[in-house]
Amino acid sequence: MGPTDAAMRVSVAGLDYAGRDDYVGLAPTSAERAAYPLTVPIYALVERRPVRETEARQALDFLRFVLEDSADLHERAGYLPLPGAAVGQVETYWRGHLPYAPR
């Protein structure tokens with residue numbers, strides 16, 4: 001299977017993005033036969049206890065925009081957005097682990 005949009009979407013669909021290991025483990029991979037095996041998510045690091053909480057909130061607002069509202073920008077740049085379920089898992093992780101995350 002080549003690196004087509006369809007094959008990469010299969011790669012990220014249904015994977016666990018809940019951060020049970022605080023996202024320090026290997027990037028998840030799919031066992032699906034139609035999945036492109038070299039598809040990997042891009043991560044952004046944020047501080048749990050930042051020195052400047054206002055700026056940390058702004059960074060999280062930007063990341064929320066990237067996850068929720070910029071699918072067309074991803075595709076124009078040659079990237080795929082995370083599936084909606086994965087976005088929900090990431091945002092749930094934020095609320096549980098980042099004291100400055102919107103509730």
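Colleague: How many helices and how many strands does the secondary structure of the protein chain come to?

Modeller: In this predicted model, the protein chain has 4 helices and 0 strands, and from the N terminus on its elements run α-α-α-α.

Colleague: Why is Glu91, which is found in helix α4, called buried?

Modeller: A residue counts as buried when its relative accessible area is under 20%, and Glu91 has a relative accessible area of 10%, so Glu91 is called buried. In the protein chain as a whole, buried residues make up 28% of the 103 residues.

Colleague: What is Glu91 in contact with, leaving aside its neighbours within four places in sequence?

Modeller: Contact requires heavy atoms within 4.5 Å, and with those neighbours left aside, Glu91 is in contact with Arg64 and Glu68.

Colleague: What makes up the lining of the largest pocket, by class?

Modeller: The lining has 25 nonpolar, 4 polar and 2 charged residues. Pro41, Ile42, Tyr43, Ala44 and Leu82 lie nearest the centre of this pocket, and since Pro, Ile, Tyr, Ala and Leu count as nonpolar, these residues therefore belong to the nonpolar class.

Colleague: Which helices each supply at least two residues of that lining?

Modeller: Helices α1 (5-12), α2 (53-68), α3 (71-76) and α4 (84-97) each do so, and the pocket that they help to line has a volume of about 1000 Å³.

Methods. Residues numbered from 1 in each chain as written. Predicted model: local features only at pLDDT ≥ 70, side-chain atom pairs only at ≥ 80, totals over all residues. Heavy atoms only, no water. 1 Å grid on protein atoms, 1.4 Å probe; cavity = no way out; pocket = protein on both sides within 12 Å on 5 of 7 lines; lining within 4 Å. Points joined across faces, edges and corners; volume = space filled by probe spheres on them. Buried < 20%, exposed > 50% of the residue type's maximum accessible area, 1.4 Å probe, protein only.
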